[in-house]
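Here's an informal walk through this structure, for anyone who'd like some orientation before zooming in. Have the viewer open and follow along.

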Amino acid sequence: MPPTKDADEKSIANLVEKYIDENDVMIFSKSWCPYCKKIKDALKSAKIEFHSIELDKMDEGDQIQKELFKKTKQETVPNIFIKQQHIGGCDKTLEALKSGCVATLLNPPESERKHKKVDNDDLDSKDADEKANANLVEKYIVENDVMIFSKSWCPYCTKVKDALRSAKIEFYSIELDKMGRDLSLFKLLIYIFIYYLAEGDQIQNALINKTEQDTVPNIFIKQQHIGGCDKTLEALKSGRVATLLNPPESEKKHKKVENDDLDSYDYDLIVIGGGSGGLACSKEARSFEKKVCVLDFVKPTPIGTTWGLGGTCVNVGCIPKKLMHQASLIGEYVHDSVDYGWSQLDQARQHSWSKMIESIQQYIRSLNFKYRVDLRSKGVTYENSYGEFLSPHRLKLTDKKGKTKEITGEKIVVAVGGRPKYPDIEGDQQYGITSDDLFSLKYDPGKTIVVGASYVALECAGFLHGIGREVQIFVRSILLRGFDQQMASKIGDYMSTIGMKFHYQRIPTRLECLEEGKPGKLRLHYRQTLESGEIEESYEDCNTVLFAIGREACTNELNLDKIGIEVNKANGFKIKTKEEQSIDIPWLYAIGDCIDEQTMPPGQPLELTPVAIQAGQLLAKRMFSNSTIKMDYYNVPTTVFTPIEYGAIGYSEEDALSKFGEDNIEIFHSEFVPLEWSICHHRDQVKTMSYCKLIVDKNTDRVIGFHVLSPNAGEITQGYALGMRLGATKNDFDMTIGIHPTCAENLTTLSVTKSSGDSAAQEGC
Ligand SMILES: Cc1cc2nc3c(=O)[nH]c(=O)nc-3n(C[C@H](O)[C@H](O)[C@H](O)COP(=O)(O)OP(=O)(O)OC[C@H]3O[C@@H](n4cnc5c(N)ncnc54)[C@H](O)[C@@H]3O)c2cc1C
């Protein structure tokens with residue numbers, strides 16, 4: 001059924017309907033999309049026939065996708081219909097496959113078939129209007145403390161009803177597939193005057209409009225939308241259902257205030273956290289003339305370090321880190337300069353820690369000031385106070401003098417970021433430091449032990465070594481968990497070759513102070529598993545111990561449990577969100593480092609400033625203008641600023657192999673010598689360690705993983721990120737003209753595949 005070229009909107013709509021009508025299982029897909037592939041594979045394994053079209057390969061693909069969005073409110077692929085019923089994307093269809101819903105739809109039980117027939121016969125005569133259905137849905141929800149919109153054949157509906165019965169919780173349910181048959185006389189009388197207008201399908205449409213959930217069971221408790229079976233079971237288990245049905249006294253009071261005073265919140269939006277995400281979100285919201293307040297408060301570290309407005313990135317993250325990385329690169333350039341003909345530069349290698357800190361901190365203070373001025377000039381209220389929830393829309397603010405006040409907000413965005421973890425050993429907080437202290441440390445850290453193998457650990461270790469400090473790195477297991485492991489081990493090799501000592505399997509057990517001072521003398525006791533399997537207890541002396549073993553979201557003192565928000569304890573106490581909206585409470589949102597976001601690719605570390613900023617801006621647009629644009633967490637570029645930088649976009653080799661299978665991917669790679677290093681003798685041992693690889697989906701030629709280890713990898717990766725976002729194929733990379741002589745050009749000339757076993761070393765230029 002080839003689509004016509006000059007199809008107008010109507011014919012596109014007809015075309016979409018035709019596809020859906022003519023195919024029992026219809027998949028609107030894109031050729032490069034891993035989720036489309038996944039669902040097709042699953043259907044094939046279940047021996048279910050389907051018809052699919054690849055939108056990226058059709059002239060009308062974009063128009064069809066727009067039409068699908070109009071029809072289903074889903075803007076992603078795969079977009080799947082079974083027996084003319086919209087199922088959703090990959091996850092929903094897999095769920096439906098697993099639960100047997102797909103089989104039931106394709107082969108409905110006798111009763112269902114009969115019912116469908118009655119529906120069809122009745123279709124014209126009923127002519128239910130949308131408003132009546134919406135009213136009916138509201139009426140059900142308002143009049144029943146626990147309201148379940150269900151279908152009689154659905155096993156999840158039965159499961160949740162059984163669970164509620166066992167918990168002795170009364171509920172009211174209607175079976176959308178049997179509308180008109182199962183109502184009690186009492187309910188029937190109440191709803192009768194509009195009931196005759198409604199059909200099960202239409203009620204379900206009204207529910208989709210209200211909740212964006214297109215499956216059953218669809219459950220409301222005390223007028224609050226809970227979700228489907230899993231979410232309700234979770235809410236039952238956590239006690240949230242009980243709390244909603246019998247709210248504590250304080251909550252009841254608040255409910256009264258809210259109801260009395262519904263239109264008079266102090267702010268349209270309160271943002272808790274003035275970091276990358278919070279500042280971006282609050283300023284964007286203000287651009288829609290909303291009344292916005294942003295709170296930012298920094299709790300001092302155990303050794304008393306604190307900082308100004310702007311959050312992690314500007315004060316204790318990206319900015320000082322990149323400047324210290326630069327300090328270390330300059331040290332390398334000083335070495336290089338000899339071979340470039342410079343002399344008498346040796347003195348410049350006497351690096352002053354205090355001068356570097358002074359310059360960096362001065363710059364950071366100027367940024368803190370700029371952020372404050374920016375908020376003021378835009379009309380965003382800034383409160384330098386710590387916020388915590390008193391009730392769903394009410395916060396208690398405490399400033400640094402301990403003065404408190406309360407404010408209310410109609411919508412609340414949590415953007416509290418995260419803070420470094422300590423290992424919970426004796427002396428850790430008393431004598432150890434974290435990255436929160438390092439960037440403003442008043443004294444030279446001297447010999448430093450870095451504990452951890454996160455990107456923060458390796459970056460800090462890298463620049464400390466680069467500015468001439470002795471560094472040892474204690475690693476529990478692997479480097480850079482979550483990143484491509486070939487690249488991680490290449491970074492480790494590079495750092496070892498330039499003189500940094502990695503100690504694997506060493507776990508700190510106690511931190512002891514041998515001598516007070518700035519820096520003092522410390523002894524780090526540790527336990528190490530030797531290659532023989534024996535466990536050795538020993539210690540290492542140093543001046544500074546820097547813990548960089550991971551971060552946790554700052555959610556534990558927000559009183560989130562008071563307002564029914566659950567955090568994911570297994571994932572750094574993050575708030576569970578879908579499209580940055582809390583999955584528990586509709587007016588609460590979260591962005592940045594503190595979210596456990598369901599639309600993020602699993603396992604990818606996306607705690608990054610530009611991610612927080614864009615998520616905050618898009619969220620504000622969705623909340624306060626008519627935007628529907630959502631944050632795209634895929635193909636986010638990132639760079640680890642180790643002495644040799646590592647840039648990555650998309651899949652790691654491990655993830656690509658496990659998702660696509662070895663037979664479906666090809667890896668192109670190359671080792672190369674950065675021209676600027678080629679005449680520097682002090683780099684002889686590391687010259688050939690620059691490396692790049694592209695992971696390609698063989699079926700579509702699309703590049704699904706981009707990795708480069710080289711000087712300036714951050715700059716290189718940013719440029720290629722645009723191509724990756726646009727779905728670049730290997731052929732697109734090959735057809736791109738390189739800029740000679742650069743490191744980046746190596747990505748445009750990759751011809752050696754890993755599978756060939758040929759050498760990746762490059763010859764000549
Ligand atoms: C060492 C290091 C290096 C990094 N390097 C990079 C990099 O190179 N590139 C990159 O993209 N990302 C980098 N990051 C990550 C980046 O800094 C974060 O992803 C980003 O700052 C997250 O922004 P956010 O808005 O979520 O939170 P944050 O920027 O952390 O802001 C949260 C703010 O909320 C405040 N707050 C918390 N609780 C409350 C409360 N109850 N009331 C009031 N205020 C509160 C906090 O004090 C903080 O100011 C780095 C991080 C670290 C630690």
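Among contacts between residues at least 6 apart in sequence, 65% join residues at least 24 apart. Keep in mind that this is a predicted model. The protein has 765 residues, and 40% of them count as buried. Its secondary structure adds up to 25 helices and 33 strands.

Gly278 is a handy example of a long-range neighbour. This glycine sits in helix H14, and Gly278 is buried because 28 other C-beta atoms lie within 10 Å, where 20 or more is the cut-off. Gly616 is 338 residues away in sequence, yet the C-alpha atoms of Gly278 and Gly616 are 6.7 Å apart. Leaving aside residues up to four places away in sequence, Gly278 touches Val271, Gly273, Val294, Gly311, Ala415 and Gly616.

Now for the ligand. Which residues come nearest to it? Out of 33 residues around the ligand, they are Gly273, Gly275, Gly311, Gly417 and Gly592. Sorted by class, that shell holds 15 nonpolar, 14 polar and four charged residues. The table lists the elements that give two or more residues to the shell.

| Element | Residues |
|---|---|
| Helix H14 | 276-286 |
| Helix H15 | 311-316 |
| Helix H16 | 318-339 |
| Strand S12 | 385-391 |
| Helix H22 | 609-624 |

Next, helix H21, which covers residues 485-497. Its 13 residues reach 18 Å from the first C-alpha to the last, close to the 18 Å expected at 1.5 Å a residue. Met487, Ala488, Lys490, Ile491, Gly492, Tyr494 and Met495 are buried in H21. An α-helix has 3.6 residues a turn, so residues three or four places apart point the same way. What do the buried residues of H21 pack against? Their partners are helix H20 (455-466) and four strands: S18 (501-504), S30 (645-650), S32 (690-697) and S33 (703-710). Just after H21, Gly499 takes a positive phi of about 110°.

Further along there's an open sheet of three strands, in the order S19-S20-S21 with antiparallel pairing. Strands S19 (506-515) and S21 (535-542) each have a single partner strand, so one side of each edge strand is left without a neighbour in the sheet. From one strand to the next, the twist averages 20°. How many bridges join S19 to S20? Eight do, with S20 spanning residues 521-529 and running antiparallel to S19. To find one of these spots on screen, look for Arg510, whose bridge partner in S20 is His525.

Methods:
Residues are numbered from 1 along each chain as its sequence is written. This is a predicted model: local features need pLDDT of at least 70, side-chain atom pairs count only at pLDDT 80 or more; totals for chains, interfaces and linings use all residues. Two strands pair if DSSP finds at least two bridges between them. Helices (H or I, at least four residues) and strands (E, at least two) are DSSP runs, numbered from the N terminus. Axes are lines fitted to C-alpha atoms, for helices over the stretch in contact, and angles run from 0 to 180 degrees between N-to-C directions. A residue is near a molecule or strand if its C-beta atom, placed from the backbone, lies within 6 Å of it. Ala, Val, Leu, Ile, Met, Phe, Trp, Tyr, Cys and Pro count as nonpolar, Asp, Glu, Lys and Arg as charged, and the others, Gly among them, as polar. The expected span of a helix is 1.5 Å times one less than its number of residues. A residue is buried if 20 or more other C-beta atoms lie within 10 Å of its own, exposed if 12 or fewer, and partly exposed in between; C-beta atoms are placed from the backbone. Two residues are in contact if their C-beta atoms, placed from the backbone, lie within 7 Å.
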